[in-house]
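Grab a coffee and open the viewer. Here are a few exercises to work through, each with a solution that goes step by step.

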Amino acid sequence: MWKREKKPEKGPGGDFVAGLKAKEKGFEVWCRKMIVAAYKGIRRGHWKKVVKRALLVLVIVVGILMSGRYLFSDELEVTFHHLYSPKILGTDNTRLVVLSDLHNREFGPDNRELIQQIASLEPDLIIMAGDMVNAYEDDLDVILHLCDELLKIAPVYYGPGNHENHLFYEKDSPLESLLAEKGVHVLVNRAEEVTIHKTPFLIGGLTTAPEGYEEYGAEFIEEYEKSSDFKLLIAHYPGLYYDALSDTEIDLGICGHYHGGLVRLPVLEGLYHGDVGFLPKYSGGMYSLPNSTIFVSRGMEDHSGFPRINNRPELAVIDVNGRQETNG
């Protein structure tokens with residue numbers, strides 16, 4: 001039986017949880033009324049009405065249980081996306097697996113479940129779009145072990161986010177050098193060339209926030225845009241595409257940071273992020289811009305304490321090739 005707490009739960013989301021419990025109490029009373037009505041119906045011989053009511057109760061209960069399980073699910077979700085590009089040579093597919101905003105979370109002991117899932121996807125490149133760690137923690141074991149294992153699967157390209165930047169520049173953390181020693185390509189306002197299935201890629205990392213773009217990022221992007229290679233830019237902040245990068249000719253930008261807007265709404269998508277307020281313009285998924293495409297990861301964890309609703313942790317797969325696909 002559901003029981004209503006005498007006092008609302010404290011801590012983040014306390015009022016929200018108390019509200020849920022009040023609704024649960026009301027649902028309990030409704031169920032009791034339905035059972036009493038069914039009993040009276042049986043005694044009076046109204047079998048058809050009893051069966052209809054029983055079926056209605058069953059459908060409602062199952063619906064509530066299923067929707068609640070999905071809306072508040074914290075299980076990893078793998079999403080698949082396709083990007084057409086005339087720059088891709090030949091018919092081979094280039095598969096990118098994107099991780100963002102892990103915040104030191106582990107899926108299974110030592111991230112075993114996450115590593116196995118990525119291995120099964122057989123990526124050509126693994127992209128980390130920042131905030132894989134927490135700025136307020138000194139523990140680097142989670143990300144270092146994860147990179148050790150992922151490097152056995154495919155090359156790893158890492159674009160730092162605000163949490164890494166805090167560790168790099170405020171706490172003098174050795175994270176960047178430790179990752180580089182392992183063979184991770186850490187891209188701090190720079191780019192590296194790589195050829196995949198005969199197609200040249202120029203993979204860049206833009207680490208500045210939107211407010212620091214002119215001072216720290218504009219010169220790099222001006223030079224980066226000149227390349228005729230397939231340009232894949234890891235830029236943690238989607239807000240950079242509100243203005244600074246909105247008209248740039250970059251084939252694919254990969255972002256994170258907004259955590260999917262925490263709450264995912266039908267049609268409207270993400271509800272909120274502290275940087276931009278309600279209804280972020282780019283909160284999760286693939287977006288077409290005038291001269292480029294961006295993918296914004298919903299991330300894999302949240303550190304605010306507010307629950308993710310209808311917003312499961314995301315491991316994204318982006319297949320890039322020269323085939324134009326249509327919805328049929």
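Before starting, a word on element names: helices (H or I, at least four residues) and strands (E, at least two) are DSSP runs, numbered from the N terminus. Keep in mind too that this is a predicted model.

**Exercise 1. Get your bearings: how many helices and strands are in the chain, and what share of its residues counts as buried?**

Step 1. Counting the elements gives eight helices and 16 strands.

Step 2. Now for burial, where the cut-off is under 20% relative accessible area. Of the chain's 328 residues, 48% count as buried.

Step 3. Finally, look at who touches whom. Take the contacts between residues at least 6 apart in sequence: 69% of them join residues at least 24 apart.

**Exercise 2. Find where Asp-110 and Asp-131 sit, and decide whether each is buried or exposed, or in between.**

Step 1. Start with the backbone. Asp-110 isn't a glycine, yet has a positive phi of about 55°. Asp-131, also not a glycine, has a positive phi of about 55° too.

Step 2. Place them. Asp-110 lies in the loop that runs between strand 2 (94-99) and helix 3 (112-121). For Asp-131, look in the loop between strand 3 (125-128) and helix 4.

Step 3. Check accessibility. Asp-110 has a relative accessible area of 45%, so it is partly exposed. Asp-131 comes in at 1% and therefore counts as buried.

**Exercise 3. Work out how helix 4 packs against helix 6: at what angle do they cross, and which residues meet?**

Step 1. Helix 4 covers residues 141-150 and helix 6 covers residues 175-182; their axes come within 10 Å and cross at roughly 15°.

Step 2. Name the arrangement. Angles under 35 degrees count as roughly parallel, so helix 4 is roughly parallel to helix 6. The crossing is right-handed.

Step 3. List the residues. Helix 4 brings Ile-143, Leu-144, Cys-147 and Asp-148, and these meet Leu-175, Leu-178, Leu-179 and Lys-182 of helix 6. Sorted by class, the contact of helix 4 with helix 6 holds six nonpolar residues, no polar ones and two charged ones.

Step 4. Look at the spacing. An α-helix has 3.6 residues a turn, so residues three or four places apart point the same way.

**Exercise 4. Now do the same for helix 3 and helix 4: at what angle do they cross, and which residues meet?**

Step 1. The axes of helix 3 and helix 4 come within 10 Å, crossing at roughly 25°. That makes these two helices roughly parallel to each other, and their crossing is right-handed.

Step 2. From helix 3 come Leu-114, Ile-115 and Ile-118, which meet His-145, Leu-146, Glu-149 and Leu-150 in helix 4. The contact of helix 3 with helix 4 divides into five nonpolar residues, one polar and one charged.

**Exercise 5. Trace the salt bridges: how many are there, and which parts of the chain does the pair Asp-74 and Arg-105 link?**

Step 1. Side chains of opposite charge can pair when their charged atoms come close. With a cut-off of 4 Å between nitrogen and carboxyl oxygen, the count is 10 salt bridges.

Step 2. Take Asp-74 and Arg-105, whose side chains form a salt bridge at 3.0 Å, N to O. This pair links distant parts of the chain, 31 residues apart: Asp-74 is in the loop between helix 2 (47-71) and strand 1 (77-84), and Arg-105 is in the loop between strand 2 and helix 3. Asp-74, at 40% relative accessibility, counts as partly exposed, whereas Arg-105, at 15%, counts as buried.

Step 3. Next comes Asp-319 with Arg-95, where the closest N and O atoms of the salt bridge are 2.8 Å apart. Here the partners are 224 residues apart, with Asp-319 in strand 16 (residues 314-321) and Arg-95 in strand 2. Both Asp-319 and Arg-95 are buried.

Step 4. Arg-190 and Glu-192 also form a salt bridge, at 2.9 Å, N to O. Arg-190 is partly exposed at 34% relative accessible area, while Glu-192 counts as buried at 18%.

Step 5. Last, look for shared partners: salt bridges join Glu-77, Arg-298 and Glu-314 into one network.

**Exercise 6. Which residues of helix 5 are buried, and what covers them?**

Step 1. In helix 5 (residues 162-169), the buried residues are His-163, Glu-164, Asn-165, Leu-167 and Phe-168.

Step 2. Their cover includes strand 4 (156-158) and helix 6.

Definitions and conventions. Residues are numbered from 1 along each chain as its sequence is written. This is a predicted model: local features need pLDDT of at least 70, side-chain atom pairs count only at pLDDT 80 or more; totals for chains, interfaces and linings use all residues. Side-chain values use heavy atoms; hydrogens and water are left out. Axes are lines fitted to C-alpha atoms, for helices over the stretch in contact, and angles run from 0 to 180 degrees between N-to-C directions. Angles under 35 degrees count as roughly parallel, over 145 as roughly antiparallel, 65 to 115 as roughly perpendicular and the rest as oblique. A crossing is left-handed if the near helix is turned anticlockwise from the far one by less than a right angle, and right-handed if clockwise. Contact means heavy atoms within 4.5 Å. Ala, Val, Leu, Ile, Met, Phe, Trp, Tyr, Cys and Pro count as nonpolar, Asp, Glu, Lys and Arg as charged, and the others, Gly among them, as polar. Buried means under 20% relative accessible area, exposed over 50%, partly exposed in between (1.4 Å probe, protein chains only).
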